[in-house]
Amino acid sequence: PLTEPEDDAALLRRRDAALADVQEHYWSAPPRIERGWGVHLVESRGRVLLDMVNNVTAIGHAHPAVTAAVARQLGLLNTNSRFHYRAITDLATTLAGLLPDPLDRVLLVNSGSEAVDLAIRVAHAATGRTGIVAVGEAYHGWTLASDAVSTSIADNPNAIGTRPDWVHVVDAPNAYRGRHRDAEARRYGPEAAAAIRALPSPPAAFLAEPFFGNAGGVPLPDGYLREVYSAVRERGGLAIADEVQVGLGRLGRWFWGFEQQGVVPDVVTVAKSLGNGFPVGAVITTADVARRFGSEGSFFSSTGGSPVSSVAASTVLRVLREEGLQERARVVGDRLRTALEGLAARHGIIGAVHGAGLYLGVELVRDRATRTPATVEAAAICDRLLTRGVVVQPTGDHKNVLKIKPPLVLPEDAADFFVAQLDEVLATGW
Ligand code: PMP
């Protein structure tokens, strides 16, 4: 049975009394969700919701291959990762094989925050410096170091002014809403490069999402990472690409976000969809950087790369390949994007449709000329969509961009259903 004897409202009260108020809950009356399957979430009262937001479960909720592999491995061995076993080596080999040369050394952790935190430590140790250059409107995690480079003002209006002194923030390279817009966005790259060249002491690294997920799937301006990576490398620093949200095939045309920019970073972070919800993350770097990091002492995480998490991740990577999910993200993503652009032609509140593959953003504005963010409207539209059985949530500094990043198994008819529901909500009011 999906429903426990305790009713949903009583459970909600008990939750609010027991959990610190740190989670986003999005809805005043959140649905109680006890099952997932493919692109669907199932409420305790049996209603099926279309999940348009879960980029963690990239291969679909409750994928049987992951369930079987994890259950089998749990019954065989799950230990701290100090031992010699095959699963960790298989995962590291597969990950290295998915990245271009010379990225072939893997460190395994449990989450995206840990991966970013470790990438920063790697850069510190490899360069003997502390400075990290980050971009505005970014989110990279909750640990001290990953939070320090998180500049989004969505949840913390003072984010920029309160960064520690080792973090240098350059403009959010957001071509729709940032300081430079549209064609002027080509100025972000040279300006960030100049800022890096002008830093009083050379930085350890530049760190950014290579495709701007937190801003709602906004591509970086052409040439941006080439210019910025050159500047940081000229000064002996490293280029870190945070692929936690956008990597692993979701962008359709590109397996990694950095491919869209025509660059190869020195350090890459992955997590989220790597385990399809099972906690596993990774940092991949070059042999040279790994050696410089290793000389500072060894890295150890009890459960990072455990037999079970390694098997979960290897299974996800195999399913991504066998089910052709990158290609699916391209085909269904193109269809979705075209349909959303059609909506934009009819609904003035849609200022722009961002993104690629199945990482799309529908940016809502009160006025197309001023691009005033439609924040309250975005929240209300998400609420209305929920009543129609669609789960979608806002992102960006102003929480006015509907982030569309469903499991990659999204069928065409489900994509069409989502667009039809959004169309009706926009037409009938919220
Ligand atoms: N980096 C990026 C780009 C992210 O979007 C996130 C999570 N939203 C993280 C890092 C942190 O990942 P986690 O929540 O797994 O710690």
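The exercises below, each with a worked solution, walk through a predicted model.

**Exercise 1. Into which domains is the protein divided, and how do they meet?**

Begin with the division itself: domain 1 is made of residues 8–59 together with 324–428, while domain 2 covers residues 64–322. The C-alpha centres of these two domains are 25 Å apart, and the contact takes 29 residues from domain 1 and 29 residues from domain 2. Next, look at the side of domain 1 that touches domain 2, where helix 11 (325–346), strand 11 (350–356), strand 12 (359–367) and strand 16 (401–404) are the elements giving two or more residues. Of that side, helix 11 supplies the largest share, with five residues. Finally, sort the residues of this side of domain 1 by class, which gives twelve nonpolar, ten polar and seven charged.

**Exercise 2. Find the order of the strands in the open sheet of four strands, and say which strands stand at its edges.**

The order of the four strands is 1-2-3-14, and their pairing is mixed. Strand 1 (33–37) and strand 14 (390–391) each have a single partner strand, so they stand at the edges, and one side of each is left without a neighbour in the sheet. Moving inward, strand 2 (residues 40–43) runs antiparallel to strand 3, to which three bridges join it. As a landmark for this pairing, Leu-41 has Leu-49 of strand 3 as its bridge partner.

**Exercise 3. Describe the surroundings of strand 5, taking its two faces and then its partner strands.**

In a regular strand, side chains point to the two faces of the sheet in alternation. In strand 5 (132–135), Ile-132 and Ala-134 lie on one side and Val-133 and Val-135 on the other, and all of them are buried, which leaves both faces covered. Turning to the partners, strand 5 pairs in the parallel sense with strand 6 (residues 167–170) over four bridges, and Val-135 has Val-170 of strand 6 as its bridge partner. Strand 5 also pairs in the parallel sense with strand 7, here over three bridges, and in that strand Leu-207 stands opposite Ala-134.

**Exercise 4. Which residues of helix 7 are buried, and against which elements do they pack?**

Start by listing the buried residues of helix 7 (residues 224–234), which are Tyr-224, Leu-225, Glu-227, Val-228, Tyr-229, Ala-231 and Val-232. These buried residues pack against strand 5, helix 6 (188–197), strand 7 (205–208), strand 8 and helix 8. To complete the picture, follow the chain just past the end of helix 7, where Gly-236 takes a positive phi of about 80 degrees.

**Exercise 5. At what angle do helix 4 and helix 9 pack, and which residues make the contact?**

The axes of helix 4 (residues 112–127) and helix 9 (residues 287–294) are 8 Å apart, and the packing angle is about 80 degrees. Because angles of 65 to 115 degrees count as roughly perpendicular, helix 4 is described as roughly perpendicular to helix 9. The contact is made by Val-122, Ala-125 and Ala-126 from helix 4, and by Val-289, Arg-292 and Phe-293 from helix 9. Sorted by class, the contact has five nonpolar residues, no polar residues and one charged residue.

**Exercise 6. Two residues that are not glycines, Ala-62 and Leu-248, have a positive phi; where is each found, and is it buried or partly exposed?**

Take Ala-62, whose phi is about 55 degrees, and place it in the loop between strand 3 (48–51) and helix 2 (64–76). With 14 other C-beta atoms within 10 Å, Ala-62 is partly exposed. Then take Leu-248, whose phi is about 70 degrees, and place it in the loop between strand 8 (238–242) and helix 8 (257–260). Since a residue is buried if 20 or more other C-beta atoms lie within 10 Å of its own, the 27 such atoms around Leu-248 make this residue buried.

**Exercise 7. Locate Pro-102 in the chain and describe the peptide bond that leads to it.**

Pro-102 has its place in the loop between helix 3 (86–98) and strand 4 (103–109). The peptide bond from Asp-101 to Pro-102 is cis, and its omega is near 0 degrees.

Terms used: Residues are numbered from 1 along each chain as its sequence is written. A residue is buried if 20 or more other C-beta atoms lie within 10 Å of its own, exposed if 12 or fewer, and partly exposed in between; C-beta atoms are placed from the backbone. Two residues are in contact if their C-beta atoms, placed from the backbone, lie within 7 Å. Axes are lines fitted to C-alpha atoms, for helices over the stretch in contact, and angles run from 0 to 180 degrees between N-to-C directions. Angles under 35 degrees count as roughly parallel, over 145 as roughly antiparallel, 65 to 115 as roughly perpendicular and the rest as oblique. Ala, Val, Leu, Ile, Met, Phe, Trp, Tyr, Cys and Pro count as nonpolar, Asp, Glu, Lys and Arg as charged, and the others, Gly among them, as polar. Two strands pair if DSSP finds at least two bridges between them. Domain bounds come from an automatic or database domain assignment.
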